[in-house]
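Good morning, colleagues. I should like to speak today about how the interior of one protein model is packed, and about the space that is left unfilled.

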Amino acid sequence: MRQFQKSSKLDNVLYDVRGPVVDEAQRMSDSGIHVLKLNIGNPAPFGFRAPEEVVYDIRRQIADCEGYSDSKGLFSARKAIMQYAQLKQIPNVSISDIYTGNGASELINLCMQALLDTGDEILIPSPDYPLWTATATLAGGTPVHYICDEQSEWNPDLEDMEKKITDRTKAIVIINPNNPTGALYPREVLEKIVEIARRHQLMIFSDEMYDRLVMDDEEHVSIASLASDLFCVTFSGLSKSHMVAGFRIGWMILSGNKALAKDYIEGLNMLSNMRLCSNVPAQSIVQTALGGYQSVKNYIVPGGRVYEQRNYVYEALNDIPGVSAVKPKAGFYIFPKLDVKKFNIFNDEQFALDFLKEKRVLIVQGTGFNWKQPDHFRIVYLPRVEVLEEAMGKLSDFLQTYRQ
């Protein structure tokens, strides 16, 4: 029988957020071992449910969703997203500038395919949501990672960002609110990133999936609202804010000076047409989801599940000797730091694997997010506090004797 090999284009693609440690966790689960999975931000397994009006809406409209939509999406969905963009003060946005996707992930991949040729560079944060680095690599581009500074609440190191720009750099990516750190970038930082992009005539891609999950009365600012003279692409969706990760509904918004990206937009349209359209039933709920009561707000205020779970895990981690963490301001994740000298850690994937096998808790090592040092890991704080208490107890016990 003929043997087929993996494409050589995949050789340099890293996606360890669902890599070997996760594979081992699945093997354990398949053999009947219960594993507490703190590795991905999927709300459903932890008891979060979609708003009732959203579920009602998709049931009511399902019979009307049997055919294709326009390749960019249903008019009703795109109009609701356009109105949302207006609320975020994103400039120069029309219906034709809105694209729906099977989650924002599909659209990120589409954008990288349209943008990058072999040797082109794109600035991506470190740590990052690894899909960005993987899709840029798969498109033939070269991801160049700028550092986010843990000592500055994980905000981008602007000096590092600018010094890594070359004549091959095409764009800057920001993830705000950030996954995996939970950072929320203040307006003054965003304004300086815009200045850098303006000086070097770069596109801006802004992943804002968690913009409706901001805590502590902080304000989320869309960077596109500060850059009317630049070309910006803003990504978001309903997976997290409406607890419908399995519905796969996301979007991107083109804004600012679109004349700078005429050929690029033609490429986006071609790729969008090639996949026909995104999930039509999921598109049908966007208008109701964005226009209705935002039940997620109940989760992110004092007494709300996400808020209280965030507070608990932050305090519990910092109480463990040899562990420290910056308090997240948004989202579902925290990115703690390990004292590698204390624990003699030189391989964080091995650390995650050892913890999984001994305590049956699944986390993601920091290098899975393109963080170079083996001194971090990411925890999802979606489980209820009593489950997190058990997990933090296991981590504390594990680290009392762990040495690599």
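I begin with two aromatic residues: Phe398 is buried, and Tyr402 is buried as well. Please bear in mind throughout that this is a predicted model. The rings of Phe398 and Tyr402 form a stacked pair, with 4.6 Å from centre to centre and 25 degrees between the planes.

That pair belongs to a wider set, since a search of the whole structure finds 18 aromatic pairs. Another stacked pair joins Phe351 and Phe355, at 6.5 Å centre to centre and 5 degrees between the planes. How far apart are Phe351 and Phe355 along helix 13? They lie 4 residues apart in that helix, which spans residues 348-359, and so about one helical turn separates them. Both are buried: Phe351 has a relative accessible area of 1%, and Phe355 has one of 2%.

Phe351 also leads us to the nonpolar interior. The largest nonpolar core holds 79 residues, and those touching the most other members are Met112, Ile122, Phe205, Phe235, Leu317, Phe351 and Leu399. Helix 4, residues 103-115, gives the most to this core, with 7 residues. A second, separate core has 55 residues, including Met161, Ile193, Ile249 and Trp251.

Let me return to Phe205. Leaving aside residues up to four places away in sequence, Phe205 touches, among others, Met112, Leu115 and Ile122, as well as Ile172, Val173 and Ile174. Its contacts also include Trp132, Phe235 and Tyr264. Ring pairs link Trp132, Phe205, Phe231, Phe235 and Tyr264 into a cluster.

I turn now to the empty space. How many cavities of 30 Å³ or more does a search of the whole structure find? The search finds 2. The largest cavity contains about 40 Å³ of space. Its lining consists of Tyr84, Lys88, Ile90, Glu208, Asp211, Ser222, Thr234, Ser236, Trp251 and Ile253. Strand 8 (231-237) and strand 9 (250-256) are the elements that give two or more residues to this lining. By character, the lining residues divide into 4 nonpolar, 3 polar and 3 charged. Trp251, which I named as a member of the second core, thus appears here again as a lining residue.

The second largest cavity contains about 30 Å³. It is lined by Glu153, Trp154, Thr181, Gly182, Ala183, Leu184, Val326, Lys327 and Lys329. These divide into 4 nonpolar, 2 polar and 3 charged residues.

Thank you for your attention.

Terms used. Residues are numbered from 1 along each chain as its sequence is written. This is a predicted model: local features need pLDDT of at least 70, side-chain atom pairs count only at pLDDT 80 or more; totals for chains, interfaces and linings use all residues. Side-chain values use heavy atoms; hydrogens and water are left out. On a 1 Å grid over the protein atoms alone, a cavity is a set of points where a 1.4 Å probe fits but cannot get out, and a pocket is an open set with protein on both sides within 12 Å along at least five of seven lines; lining residues have an atom within 4 Å of a point. Grid points are joined across faces, edges and corners, and a volume is the space filled by probe spheres set on the points. Ala, Val, Leu, Ile, Met, Phe, Trp, Tyr, Cys and Pro count as nonpolar, Asp, Glu, Lys and Arg as charged, and the others, Gly among them, as polar. A nonpolar core is a set of buried Ala, Val, Leu, Ile, Met, Phe, Trp, Tyr and Cys residues joined through side-chain atoms within 4.5 Å. Buried means under 20% relative accessible area, exposed over 50%, partly exposed in between (1.4 Å probe, protein chains only). Contact means heavy atoms within 4.5 Å. Rings of Phe, Tyr and Trp (its six-membered ring) pair if their centres lie within 6.5 Å; planes under 30 degrees apart count as stacked, over 60 as edge-to-face and the rest as tilted.
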